[in-house]
Amino acid sequence: MARDIRKQNFGQKAKKGTFKRLFRYVWEDYGFRLIVVLVCVLFSGVANVIASVFLQRIIDECITPGLESGLDSVIGDLTRMIVTMATIYVFGILAAFIQARLMAIITQGTLKKLRVKMFEKMETLPIRYFDTHAHGDIMSTYTNDTDTVRQLIGMSLPQVITSSLSIVATFSMMLYYSLWMTLAVIVFLIVMFLVTTKFGGASAKYMMAQQKSLAKCEGYVEEMMNGLKVVKVFNHEETCKEEFDVLNEQLCHDGTEAHRNGNVLMPILANIGNLMYVLLAVFGVSLIYAGVTNVGFSGMGAITAGIIITFLGCCRQLSQTIGQISMQIPQIAMALAGASRVFDLIDEEPEVDEGYVTLVNAKEDENGNITETEEVTGIWAWKHPHKAEGTLTYTKLTGDIVLDMVDFSYVPEKQVLTDVSLYAKPGQKIAFVGATGAGKTTITNLINRFYDIEDGKIRYDGININKIHKPDLRRSLGIVLQDVNLFTGTVMENIRYGKLDATDEECIAAAKLANADDFITRLPDGYDTMITGNGASLSQGQRQLISIARAAVANPPVMILDEATSSIDTRTEALVQRGMDNLMKGRTVFVIAHRLSTIRNAEAIMVLDHGRIIERGTHNELIDMKGTYYRLYTGAFELE
Amino acid sequence: MIKRLLGCVREYKKATILTPSYVAMEVVLECILPFVMAKLINSIGTTKMEPILYYGGILVVLAFASLFCGVMSAINAAIASAGFAKNLRHDLFYKVQSFGFSDIDAFSVSSLVTRMTTDVTNVQNAFQMVIRIAVRTPLMLIFSVVMSMLINVKMSLIFIGIIPVLGIVAFFLIRKVIGIFKRIFKKYDAMNNSVQENVAGIRVVKSFVREDYEKKKFGATAEEVRFDFTYAEKIIALNQPIMMFCIYTAMLLVSFLGAKLIIASGGTVLSTGELSSLITYGIQILSSMMMLSMVFVMMSMAEESANRISEVLDHESHLISPENGKTEVANGSIEFENVSFKYNEKSKKPALSDITLSIPSGTTVGIIGGTGSSKTSLIQLINRLYDVTEGSVKVGGVDVRDYDLESLRDAVSVVLQKNVLFSGTIKDNLRWGNPGASDEDMKRVCRLAQAEEFIEQFPDGYDTVIERGGVNVSGGQKQRLCIARALLKKPKILILDDSTSAVDTKTDALIRSAFKKEIPETTKLIIAQRVASVQDADMILVMEGGMIAEQGTHEELLEKKGIYYEVFQSQTKGKEAV
């Protein structure tokens, strides 16, 4: 099958508008709470700012006069001020508490929303998406990328909001006290900004490079761990170690650079802040000496020592806040890149389904008239509304399948099927034979519309399958694939996957039919044995038997077996075959098998070569024809 | 465990020690800074320029020193933590490379991958945290207390009184949260696991039309994860307000009592500048406490990861190459003497019981048997992928445990049932068999394995790039490439474990006849499902339930009319009509 595994670009920058979109997601569900959070942030921010000037006010209003007129004259003021402050603090604490709790709710709620959205979208994506995307990349969207988003919403965002507010507040205070000194601060702010851009930018760049080399290194680990047994068999350990060391070294380099640039930012900014502190003190006092008139929102007047001291307090506050914000920059860049990948998945085009013919339970009277019914009758019918005439017709589901001049290709330039025509009457067993890549599996992929044909028609009970509602089409087809996928859960639950309301007895009956009952009962907990890691503890053959049981319990009118018994030994296979033949009596079966012994009793055998049917007929007819099948059967010819 | 992991610091020891040293200096400077700033502020009050310039000068010097220490600690921390993680990965990878098959089974591949990826990242973060913040905060705490005591002992008692209160609150909070988090992470893993299963099994989901069922299932898991995480984070949310409460209480107390003290003493016992320094130290003390509690949370979360990593590092493989093992394998003869084998000491049923068998060098042996009859177990003992539980296996007349492992595995080449090709060109893959193989060698083995024809049809021939997992070649092509790769080793014994199942009968026959002609001196063991693949072997073994049920040539076994006869009948039925 044509595959084009495109690696997602880790280390790619976020798309524009990602932040806005993320914000909208949060806003939609938590708009009110978000406003409350904002109010709380304001509250605790204000409390913080007041706290920073609180001491100065005590000094100015209580201590200084107190030093002159004695304690008794100011004790009332002092107590009142402390009580006022305590009240403000209580509100600040409450605000912080509410904010933290609400943020927990908002962050986790948004994460859940994103996860569910991704998953729900993923379930609707066409098979082509999964065939063209590396599974590890899809997984990393769920794990790494959502994790960065968690950090963004839960930590970076509140931090940035709080800090921004604090900066605005401090800055206003500065303007309030002195315009001249504020201008001096602005010079420092510009320097800080430049430093942040340089190191923060470099850190963000290397953070992404680190993500990329991490993905590479972990990818290598995964490949080599999966092939570890082969590595051992070939004494290939040393080469692997060497290759691994190269990747590991690169990762170490990028990681060092990323952290180096991120880590130094804080001390640099903090000490620029300290320098600013000293210079402002000197500058302020020189202003006093020079007798410059102070201009500020507080009015005009002489600069006093009190103003300078308060100003210096603000200055310390400002540089600390800037340090905190700067720490978030690389994180935010990474998180936005992660969020961007999350949205890419959510934005994928889902599988289209324009089908309007549905599958319903039906009753058949003596005259052969089909009517719809609520109860489960075991008879199914296609309900086919005709828009033009406004009528409804019912067609009994029989499993009659016709392919008419079907063309198909996975990628435009490589034709996989050309002019394939075939029919399967209800109850027939149709077999496909041919080399891998001849197009056998492709045909089955087209019948259940995992892929859509390019030209020609496929009819199911006379209805073009494009008109059939996809879920109903697929429900009517049972598929057993060569590569078995089991889900975490008990053996019983895995079998029940075929029919969710099946009783234990039905499941066991299906397992018996698939000849799986024997080994399942010998498992430590029988049918209640837990299957984990896609059935890692079971052999390939045992897993195939479970997947056959799973399809058997679904009991579909049409069954597709794609190399379903390839890993089962021939004796067991013969037994399974017998069971399946019993089950599928009167139903249509498509079989793909390498072992010709399993298809000998098929009603029709199609020999495929390079996407064309080159021979068709029963076993005996094909043998008599003495063509490809004959040569294949007698082992004198290779289909390639 | 911690000692074990610290062993990975190695060449980054210097950076690892320098980081906290610089951090310590930085802390000292940071604590002196407010002290000098207070002096500066006091001198502003006097509006004299000289003391301002004097203290300002000291501050500038301190700031530059602090800048230097801060930058150096930052750089060293980056070097140390990235280097530590590198060594950790390195050690893990090398360790795993020394594992035997049973060790791999014991850990499982997916768990090994997690240990080498997620767990390493967790430990790395914790490590960086420890060498920077875990040094910084306690020092900060101690220095701040000392400094505030230097200013005024009585006032500093307020802080000292509050520290234990905070400590106890944080302790209980953290203990509760860690317990919850450990539980949640299991659920979180399970949720991601179900995504993984859906991605891999999307064809199953879609063909059974279980999209809605899966969505519902996932929705429920995601909701559980959300609920639990919210619960845990709400508890953590208590941390900050409690800390804030303590900070503010302390500040108010200090302000009130401090103001009273200043006025009462007329500014002699305590000055206004000193009061503001006291408050600065107070904030430093309490925020250190807060940081400290976060460090504990982080560290206990990394603990589990650290445990999992040490488990791998401490695991001693039982299957090791003997010292001075034999490096020459005389010939391709194989002997099993009363061999019994269990995969796991705990398993009740042995996989193989009491096998005695002798295969002369150069013979072709066919092995058939049902699913679970231990065919694979049998052959995996020959090149010592597993060690026997009882009895002994000899190759070339010598017990396999006496050979140097590498020499043994070079002489015994196995094409595994679950075989893999690696990302790289066909040539790269073939060279696994022999790194120094010439193009001629490669062509020769590909001809033998009947792979030459299709390789040459590829536009890039032998330089065709195989994608990860070998998804761009067909099953049959993959098997033939794997056989060619194994042949390139020029082995004395060649074992094919169901390696031609996806190859058509004709090619299968061609491969076998090429073997017969080209490598007659090599002992060949062929496990197959098709009777046709084994019927012309010199000896056929029929395995059942971990024992050799039948043994002999095709004709002998047919005459026995046992299992082999039955299998033969079922596979050739109808062929007589041809």
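**Chain contacts, cores and sheets in a predicted two-chain model**

In this predicted model, 129 residues of chain B are in contact with 130 residues of chain A, two residues being in contact if their C-beta atoms, placed from the backbone, lie within 7 Å. Residues are numbered from 1 along each chain as its sequence is written, and chains are lettered from A and ligands numbered from 1 in the order in which they are written. Because the model is predicted, local features need pLDDT of at least 70 and side-chain atom pairs count only at pLDDT 80 or more, while totals for chains, interfaces and linings use all residues.

On the side of chain B that touches chain A, the largest share, 27 residues, is supplied by helix α9 (residues 211-265) of chain B, where helices (H or I, at least four residues) and strands (E, at least two) are DSSP runs numbered from the N terminus. This side of chain B is made up of 65 nonpolar, 43 polar and 21 charged residues; Ala, Val, Leu, Ile, Met, Phe, Trp, Tyr, Cys and Pro count as nonpolar, Asp, Glu, Lys and Arg as charged, and the others, Gly among them, as polar.

Helix α7 (residues 237-290) of chain A and helix α2 (residues 13-46) of chain B have axes that come within 11 Å and cross at roughly 10 degrees, so that α7(A) is roughly parallel to α2(B), a label given to angles under 35 degrees. Axes are lines fitted to C-alpha atoms, for helices over the stretch in contact, and angles run from 0 to 180 degrees between N-to-C directions. In this pair, A:N274, A:Y277, A:A281 and A:V285 of α7(A) meet B:L33, B:M37, B:L40 and B:I44 of α2(B), and the residues of the contact comprise seven nonpolar, one polar and no charged.

The largest nonpolar core holds 264 residues, of which A:A281, A:F311, B:A484 and B:I495 touch the most other members. Such a core is a set of buried Ala, Val, Leu, Ile, Met, Phe, Trp, Tyr and Cys residues joined through C-beta atoms within 7 Å, and a residue is buried if 20 or more other C-beta atoms lie within 10 Å of its own. Helix α8 (residues 305-347) of chain A gives the largest share of this core, 22 residues. Among the residues that A:F311 touches are A:M174, A:Y177 and A:L280.

In chain B, six strands form an open sheet of mixed pairing in the order β6-β9-β10-β3-β11-β12, strands being paired if DSSP finds at least two bridges between them. Because β6 (412-415) and β12 (547-552) of chain B stand at the edges with a single partner strand each, one side of each is left without a neighbour in the sheet. Neighbouring strands are turned by 15 degrees against each other on average, direction ignored. Strand β11 (residues 539-544) of chain B pairs with β12(B) in the antiparallel sense over five bridges; B:L541 has B:Q551 as its bridge partner, and B:I540 stands opposite B:G552. In the hairpin of these strands, which has two residues between them, B:G545 takes a positive phi near 55 degrees. Helix α20 (residues 563-572) of chain B lies across β3 (364-369), β11 and β12 of chain B, running at about 100 degrees to β11(B).

How values were computed: Buried ≥ 20, exposed ≤ 12 C-beta atoms within 10 Å, placed from the backbone. Parallel < 35°, antiparallel > 145°, perpendicular 65-115°, else oblique. Lists of a residue's contacts leave out its neighbours within four places in sequence.
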